[in-house]
Amino acid sequence: MRDETICLHAGYEPEDGGPGVMPIVQSTTYRFESTEHIGDLFNMPTECMYSRFANPTVDAVEKKIAELEGGVAAMCTSSGQAASCFSILNLCSAGDSFISTSTIYGGTVNLFAVTLKKLGIECIFVDSDASYEELQAAVKPNTKAVFGETLANPALSVLDIEKFAALAHNNGIPLIVDNTFATPILCKPFEFGADIVIHSTSKYMDGHALQIGGVIVDSGNFDWANGKFPEFTEPDESYHGIVYTETFDKMAYIVKARMQLMRDLGAYPAAHSAFLLNLGLETLPIRMQRYCENAVKVAEYFKNSDKIESVTYPGLEDDKYNGLAKKYLPKGTSGVISIVIKGGKDAAIRFMDNLKLAKKEVHVADIRTCVLHPASATHRQLTDEQLIACGIEPGLIRFSVGLENVDDIISDIEQGLGRV
Ligand SMILES: *Cc1c(COP(=O)(O)O)cnc(C)c1O
């Protein structure tokens with residue numbers, strides 16, 4: 001099946017006379033006829049037993065997302081943050097390190113640089129544009145994974161997935177890609193060598209700003225038995241001595257994440273959240289296409305305005321990342337654009353406060369056009385000099401183009417700029 005069909009039909013097969021839409025299974029527990037049946041499930045978790053780590057409604061959505069990404073299995077989480085966190089904790093223990101590009105979501109930077117550090121896991125940040133040799137020099141004997149974002153939030157740099165996959169594989173470790181902004185509609189990182197994909201489903205996948213969520217998808221391609229990952233190949237005493245690679249083969253990573261991390265930390269979404277996520281997924285392909293079409297027109301409008309200093313949108317021919325975008329995101333580069341307005345912070349605030357259609361929100365990748373000014377929100381504590389040092393101009397605005405009529409979006413921008 002192709003994407004549009006997968007989005008509508010994968011994951012749930014109604015029984016004869018069953019409901020046409022995946023029902024919300026609102027139950028913490030599941031009943032079994034025999035004690036032996038429950039015992040068997042502890043050996044091989046093929047059915048749901050407890051909703052802290054599995055539920056039929058969530059399971060249907062996991063199957064749909066796994067199929068969309070071209071992976072073998074997926075596990076939903078209650079936020080994108082939980083997905084990023086579990087993707088690393090499934091591989092690294094205290095004393096290990098992993099590599100991440102520095103152009104990643106701010107919340108992920110905090111998680112990696114502060115919280116995981118407290119657990120004894122070191123994140124080595126690298127420049128996503130560094131040469132292969134420079135990247136190789138950052139790898140240490142205890143390095144267990146490489147992490148990057150397909151289309152970085154908010155830098156909008158495009159990850160050279162093949163370069164990072166080669167780095168990871170030459171060192172016997174997996175590449176994890178956060179594919180939130182691209183979604184599997186615009187890019188399928190497994191096709192370029194990524195081993196694990198994660199998402200914040202709170203963005204385009206849900207699409208309607210209804211609920212926070214995340215997902216981890218396993219390609220099934222990585223060889224966990226290469227000697228670097230003893231937790232996969234030696235008996236797990238917390239799970240009656242199961243050896244993940246022997247019992248679960250290609251699904252070793254995702255089953256370990258579920259049966260260790262989700263079991264112990266419990267960040268599983270509610271059935272109702274998965275039901276809403278599924279509604280978003282059903283229309284994802286047509287929505288992504290329209291976000292991209294609208295954003296190209298808006299980016300071009302900004303480009304031609306004399307009130308704007310610069311526009312970053314990898315879909316524009318003269319963008320620094322247009323070459324990589326053509327390779328990895330040939331169908332488009334999402335609805336997110338960043339602009340630097342002339343006149344710095346004051347001009348940025350005046351422009352934003354005069355927008356009528358575009359909503360000021362701490363959100364991005366929504367169905368409705370929304371804007372955020374990092375210098376007065378997420379990076380508020382920094383001085384203008386500090387802002388520039390971390391790549392955020394005081395006049396920078398993240399503009400997330402929605403699905404309104406593009407002429408209305410542009411008229412709103414036009415009147416807003418007119419008041420600057
Ligand atoms: C928002 C976001 C996250 C965090 O997701 P939440 O669902 O807000 O926890 C992670 N990565 C990227 C790229 C994001 O945009």
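## Around the ligand

In this predicted model, a backbone N or O atom of Gly-80 sits 2.9 Å from an oxygen atom of the ligand. Two serines bring polar side-chain atoms to ligand oxygen as well: for Ser-200 the distance is 2.8 Å, and for Ser-202 it is 2.6 Å. On its own the ligand has 380 Å² of accessible area, and the protein covers 94% of that.

Let's widen the view to the whole shell. There are 14 residues around the ligand, and those that come nearest are Asn-153, Asp-178, Ser-200, Ser-202 and Lys-203. Sorted by class, the shell holds eight polar, three charged and three nonpolar residues.

## The seven-stranded sheet

Seven strands make an open sheet with mixed pairing, and their order is E1-E7-E6-E5-E4-E2-E3. Strand E1 (73–77) and strand E3 (122–126) are the edge strands, each pairing on one side only. From one strand to the next, the twist averages 20 degrees.

Within this sheet, strand E4 (residues 143–149) and strand E5 (residues 175–178) are parallel partners, joined over four bridges. Here Val-146 is found opposite Leu-175 in E5. Helix H3 (residues 56–69) packs on the sheet and touches E1, strand E6 (196–200) and strand E7 (214–218). The direction of H3 makes about 125 degrees with that of E1. Another helix, H5 (residues 106–118), lies across strand E2 (97–101), E3 and E4, and runs at about 140 degrees to E3.

It is worth going back to the ligand with these strands in mind. Ser-200, whose polar side-chain atom lies 2.8 Å from a ligand oxygen, falls within the range of E6 (196–200). Asp-178, one of the residues that come nearest to the ligand, belongs to E5 (residues 175–178).

## The five-stranded sheet

A further open sheet has five strands in the order E8-E9-E12-E11-E10, again with mixed pairing. Strand E8 (308–312) and strand E10 (359–360) stand at its edges with a single partner strand each, so one side of each has no neighbour in the sheet. E10 pairs with strand E11 (residues 370–372) in the parallel sense over two bridges, and Lys-359 has Cys-370 in E11 as its bridge partner.

Two helices can be followed against this sheet. Helix H15 (residues 344–354) packs on it, touching E9, E10, E11 and E12, and its direction makes about 125 degrees with that of E9. Helix H13 (residues 284–303) lies across E8, strand E9 (336–341) and strand E12 (396–400), and it runs at about 10 degrees to E9.

## Backbone details to look at

Two loops deserve a visit while you have the structure open. Most peptide bonds are trans, and most residues other than glycine have a negative phi. The peptide bond from Asn-153 to Pro-154 is cis, with omega near 5 degrees. Pro-154 is located in the loop between E4 and helix H7 (161–170), while Asn-153 is also among the residues that come nearest to the ligand.

The other loop holds His-240, between helix H9 (230–233) and helix H10 (244–248). His-240 is not a glycine, yet its phi is positive, near 30 degrees.

Note on methods. Residues numbered from 1 in each chain as written. Predicted model: local features only at pLDDT ≥ 70, side-chain atom pairs only at ≥ 80, totals over all residues. Heavy atoms only, no water. Near = heavy atom within 4 Å. Polar contact = N/O pair within 3.5 Å; in protein donor to acceptor, adjacent residues only side chain to side chain. Areas by Shrake-Rupley, 256 points an atom, 1.4 Å probe, with all protein chains shown as cover. Nonpolar A, V, L, I, M, F, W, Y, C, P; charged D, E, K, R; others polar. Pairing = 2+ DSSP bridges. Contact = heavy atoms within 4.5 Å. Axes fitted to C-alpha atoms, helices over the stretch in contact; angles between N-to-C directions.
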